[in-house]
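Subject: Structure handover

Hello,

Here is the structure you were expecting, with notes to follow. Please open the file next to the text as you read.

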Amino acid sequence: MKDKVPSIGYALIFLGIALILANVDNMFHIFYFHYILIFAGLIILIIYYLSNRKEKSLLCRIGLHKFEHIGWDDEVKFALIYRCQRCGYKKRVVRSTGG
Ligand SMILES: [Zn+2]
């Protein structure tokens, strides 16, 4: 059941964006209904991630890591290794240009 919370958040955001793109009804614009949906979706996601993730930093929990470039991947060419200065989370970024 808990796993469905992020899906609900993403669904609300998606629905809000879809309403903006579809430009469906003037009534929605009067009440800023689509923005409320997106905002509610974001709030749900932030609350979910803040309460479920274990990172010390609140920013890291909602995915806002402070990455620094620490090196290159040995196996994949042109892949940069980044590590978060706060929580140590690592990610690999492959550069498509190869430069
Ligand atoms: Zn982090």
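Two strands are taken as paired if DSSP finds at least two bridges between them. By that rule strand β1 (residues 67–72) pairs with strand β2 (residues 79–84), as 5 bridges join them. Please keep in mind throughout that this is a predicted model.

Overall layout

The chain holds 4 helices and 3 strands. Along the sequence the order is α-α-α-α-β-β-β. Of the 99 residues in the chain, 23% are buried.

The strands

β1 and β2 run antiparallel. They form a hairpin with 6 residues between them. Within that turn, F78 has a positive phi of about 65 degrees. Two of the pairings are easy to find: H69 has Y82 of β2 as its bridge partner, and W72 is partnered by L80, also in β2.

β2 is joined as well to strand β3 (residues 90–94), again by 5 bridges and in antiparallel fashion. Here 5 residues lie between the strands of the hairpin, and G88 takes a positive phi near 85 degrees. On this side R83 has K90 in β3 as its bridge partner, while I81 is matched with R92 of β3.

The zinc site

Which residues hold the zinc ion? Its protein donors are C60 (SG), H65 (ND1), C84 (SG) and C87 (SG), at 2.1 to 2.4 Å from the ion. In sequence these donor residues follow the spacing C-x4-H-x18-C-x2-C. H65 and C84 link distant parts of the chain: H65 sits in the loop between α4 (58–61) and β1, C84 belongs to strand β2, and the two are 19 residues apart. Both H65 and C84 are buried.

As for geometry, the angles among the 4 donor atoms run from 101 to 116 degrees, and the site is tetrahedral. The label applies because four donors count as tetrahedral if all angles lie between 85 and 135 degrees. For reference, the ideal angle for four tetrahedral donors is 109.5 degrees.

Salt bridges

Side chains of opposite charge can pair when their charged atoms come close. The count for this model is 2 salt bridges.

One is between E68 and R83, with the closest N and O atoms 3.5 Å apart. This pair links distant parts of the chain, E68 being in strand β1 and R83 in strand β2, 15 residues apart. Is E68 buried or partly exposed? E68 has a relative accessible area of 28%, so it counts as partly exposed. R83 is at 34% relative accessibility and therefore is partly exposed too.

The other is between R92 and D73, where the closest N and O atoms are 2.4 Å apart. R92 lies in strand β3 and D73 in the loop between β1 and β2, so this pair ties together parts that are 19 residues apart in sequence. R92 is partly exposed, with a relative accessible area of 46%. D73 is at 14% relative accessibility, and buried means under 20%, so D73 counts as buried.

R83 and R92 therefore come up twice in these notes: R83 is the bridge partner of K90 and forms a salt bridge with E68, while R92 is the bridge partner of I81 and forms a salt bridge with D73.

The surface

What makes up the nonpolar surface patch? The patch consists of I20, Y32, Y35 and I36, and covers about 420 Å². Of these residues, Y35 lies in helix α3 (residues 33–52). Y35 has 46% relative accessibility, so it counts as partly exposed.

Regards

Methods
Residues are numbered from 1 along each chain as its sequence is written. This is a predicted model: local features need pLDDT of at least 70, side-chain atom pairs count only at pLDDT 80 or more; totals for chains, interfaces and linings use all residues. Side-chain values use heavy atoms; hydrogens and water are left out. Donors are N, O and S atoms within 2.8 Å of the metal (3.2 Å for Na, K and Ca); water is not among the atoms, so sites may look incomplete. Four donors count as tetrahedral if all angles lie between 85 and 135 degrees; four count as square planar and six as octahedral if opposite donors are over 155 degrees apart and all others between 65 and 115; anything else is irregular. Buried means under 20% relative accessible area, exposed over 50%, partly exposed in between (1.4 Å probe, protein chains only). Patches are made of residues with over 30% relative accessible area and no salt bridge: like charges are joined within 9 Å, nonpolar side chains (Val, Leu, Ile, Met, Phe, Trp, Tyr) within 5 Å. Accessible areas come from the Shrake-Rupley method with a 1.4 Å probe; for residues, only the protein chains shown count as cover. A salt bridge is a side-chain nitrogen of Lys or Arg within 4 Å of a carboxyl oxygen of Asp or Glu.
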